[in-house]
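Reader: I would like a close look at the aromatic rings in this model. Please go through how they pair and what lies around them.

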Amino acid sequence: MTGTYRRCQRRNCSSLLLGIFCLLFVGKRAFAQIRYVVPEEAKKGSIVGNVVKDLGLDVSLLSSRRFRVVSGSNEALFEVNQDTGDLLVQKKIDREDLCQGSGACLMDLKILVENPLEMHYVVVEIADVNDHSPSFPEKEQEFDIFEQTLPGARFQLHAARDPDAGSNSVRNYILTPNDHFELDIRQSDDDKIPFLVLKKSLDREQRTNHLLHLTAVDGGKPRRSGSLNISIIVLDSNDNRPKFSQDTYEIEIQENVPFGTLLYKLNATDPDEGTNGEIEYSFGKTLKKKVYEIFELDKKTGDMKVKGMLDYEEHDVYRLDVEATDKGTPPLKAVCRVNVKIKDMNDNLPEIEITSVSNTVSEDSKPGSVIALLSVTDKDSGQNGKTTLSISSDVSFELKPSFKENIYSVVTKNILDREEMFEYEITITATDCGDPPLSHKKTIKIRISDVNDNSPIFPQNPLQFYLSENNPAGMPIFSVSAGDKDANGNADISYKIAKEGSKKDILSFININAENGQISALKNFDFETLKTFQFQVVATDSGTPSLSSNVTVNVFILDQNDNAPVILYPLSSNGSAEGVEEIPRNVNAGHLVTKVRAYDADIGYNGWLLFSLQEVTDHSLFGLDRYTGQIRTLRSFTETDEAEHKLVILVKDNGNVSLSATATVIVKLVEPKEAFAASDVKSAANDDDDDNQVTFYLMITLGAVSVLFIISIIVLIAMQCSKSTDYTSKYLQETNYDGTLCHSIQYRSGDKRYMLVGPRMSIGSTIVPGSHANTLVLPDRRRATEEVMFVLNSNM
């Protein structure tokens, strides 16, 4: 931007900065962009467009909101009418002052509105008007032409310039009609260069000068023109022309030579004397502008030097016309051609161009699959331009040359495995054959896409889970999880319980969440009913086709103290635990009065029963064995002792929260004869009932224990056959009926072996309380020296 517009910017700089500051820190910014077109030379007050209407603002609020243009100064080119909202031309606009060249001339205006603060952007294009006429650098051009000059001689005329753009610039030249000269126009870059061509020889004796007019016309409407007066003076002959030693000179020089390097010393001779023999050297007038920027010629000595950068890749040869002109009247000239060939040097790196690349390659791609196409170029020539290509050796890819030179393809050379390497960085190196060689590297990133080639894997098979009985129905009890080395959807795993390999009724009380493998129990388990069960879970991925794997799940139910002791004897006819015992009064101390028999369906400590006297009429008469439930006399009876005694026996298990039951025994003291008689009558009357009841309960108990023992043996054999090296669990049960049914538990801790028996302890055994685990852990079968260990826990 020049002239007026720059002055406007400087004068209103402070107000513009203040507006921008307010816009950034006080108000809010509103963005809108409107484009108008206005011709240059528009009169002051000309309407460009209604900004308010186009921005959708309220005209009545313009004054109060201080609607104004802030991108100008006191000499701004545009202003806004506060009453109508029209954008007006404030002063005459000259496009040529504002913009140079033939491109679009655009002005960015900022429209500021306050309360609230908003800024809008308006672009005004200044359309060119044909307001300039073509003009020549000089009003007159003079030529001295020797009268013996042959037809066809060319003389370059001044070119006209027109600051207007596009079709409004210079379009044609017109020469006044005459007999000796004609006009030839040569297009050079963006300019039209006129040449005066001699078509008929001149005769000084007939006419010593000729006056011609050259008119330059632009393409505007209406058209404008400018003229040049051409004066031609016909001179007498100059006998000898300068002469170069060669018509054509061939010069070869390396590119990138330093500035000032001497290319050649031109030499022309003229046999004339005096000024007619003095020679000046110059480049031809029709050479490209680039030539004058790169080469210079000393007009007196003929030394041709380098003054600009020579680049073989940009231009490999320059053809220069050099003129040698004497100072005679008229001056004569000779022309020679200088061909400057640029010698290539290895100053350009090879360039690798990736013409096509597949950034993602499937891992099941076969060896030889094409993943990228590339080409190699080197701007140098000869050996400097020949290139070799290599690829990094630690990748599963290789280069394959194409039938066309410098075209290569990158192909797979091995089978790909995404799980081993999911991404490759392939480095390709191009090296030329120059001295020294130059190289260039390019890196391609290739991501390996997943194929569903890995099945889900469970970390352990089979799986062992331990579950306390009486679990809440519908709540999760444990979960299974499988991993998949694949990615994305191929690694999304769903779970289900296999129908094959599992019992048919397993689905009636076990449910699995297909998404996370969480297993829920549809009912609460009872250890006394079900101690262990097995099923299989299938993990299936979401690939196509899908892959799956199975895992065997062994579930062991852990006992809880949820069964109270059951009194087996005494048991009266109405079902209450109450009995009557008659003993002779003359029995000695230690006499067995009776034995309280009880049973607990739980196992371990939860089923270990202890007996205690909760209530007794005389503590000195009777004693109770806490382990067997036997009631014996502590001393002999006296005559003062009462004939009837009531004993209340408390039977409780050894769980953390113990459960209990009570039995009542009425002991009657009778005379010896009555005792024997009563004994006979009792044995005769009640022997069948008592024996039948006891036998019935014993049969049920022993049968249940036997069934559990057989099931445990079968499970143990099945686990042995599965050849699992992991720890497994079994429950071993045995009955030791010594008046009271209980579970006998053997276990080992370190080098000590323990046995829990009840209610009577075996001689030589030791009770070591503390462990309440009821999970039997069998060590690895390969360790044959280790024995079975039971850990019983009633808290689970």
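Author: What follows covers the ring pairs, then a cluster of rings and the sheet strands listed alongside.

The model is predicted, and 15 aromatic pairs are found in it. One of these joins Tyr 466 and Phe 556: the ring centres are 5.4 Å apart and the planes stand at 20°, so this pair is stacked, the limit for that class being under 30 degrees. The two rings come from distant parts of the chain, 90 residues apart, with Tyr 466 in strand 32 (residues 463-468) and Phe 556 in strand 38 (residues 548-558). Their surroundings can be read from the accessible area. Tyr 466 has a relative accessible area of 32% and is partly exposed, whereas Phe 556, at 2%, counts as buried.

A second example is the pair of Phe 622 and Phe 637. Here the centres lie 6.0 Å apart and the planes meet at 55°, so the pair is tilted. This pair also links distant parts of the chain, 15 residues apart. Phe 622 belongs to strand 44 (residues 622-624), while Phe 637 sits in the loop between strand 45 (630-633) and strand 46 (644-652). Both Phe 622 and Phe 637 are buried.

Ring pairs also build a cluster, made up of Phe 509, Phe 525, Phe 533 and Phe 535. One member of the cluster, Phe 509, has a charged side chain over its face: Lys 523 is 5.0 Å from the ring centre. A similar arrangement involves Tyr 569, where Arg 597 lies over the ring face at 5.4 Å from its centre.

Now the sheet. Three strands form an open sheet in the order 33-36-35, and their pairing is antiparallel. Strand 33 (476-479) and strand 35 (510-512) are at the edges; each has a single partner strand, so one side of each has no neighbour in the sheet. On average, neighbouring strands of this sheet are turned by 30° against each other, direction ignored. Strand 33 and strand 36 (residues 518-521) run antiparallel and are joined by 3 bridges. An aromatic residue appears here as well, since Phe 478 stands opposite Ile 519 of strand 36.

One further aromatic contact lies elsewhere in the chain. Thr 149, in the loop between strand 8 (140-146) and strand 9 (154-156), is in contact with Phe 155, Leu 198 and Ser 201, leaving aside neighbours within four places in sequence. A polar atom of the Thr 149 side chain is 2.7 Å from the backbone oxygen of Phe 146. Thr 149 has a relative accessible area of 12%, so this residue is buried.

Conventions
Residues are numbered from 1 along each chain as its sequence is written. This is a predicted model: local features need pLDDT of at least 70, side-chain atom pairs count only at pLDDT 80 or more; totals for chains, interfaces and linings use all residues. Side-chain values use heavy atoms; hydrogens and water are left out. Helices (H or I, at least four residues) and strands (E, at least two) are DSSP runs, numbered from the N terminus. Buried means under 20% relative accessible area, exposed over 50%, partly exposed in between (1.4 Å probe, protein chains only). A polar contact is a pair of N or O atoms within 3.5 Å; within protein, one must be able to donate a hydrogen and the other to accept it, and residues adjacent in sequence count only if both atoms are side-chain atoms. Contact means heavy atoms within 4.5 Å. Two strands pair if DSSP finds at least two bridges between them. Axes are lines fitted to C-alpha atoms, for helices over the stretch in contact, and angles run from 0 to 180 degrees between N-to-C directions. Rings of Phe, Tyr and Trp (its six-membered ring) pair if their centres lie within 6.5 Å; planes under 30 degrees apart count as stacked, over 60 as edge-to-face and the rest as tilted. A charge sits over a ring if NZ of Lys or CZ of Arg is within 6 Å of the ring centre and within 35 degrees of the ring normal.
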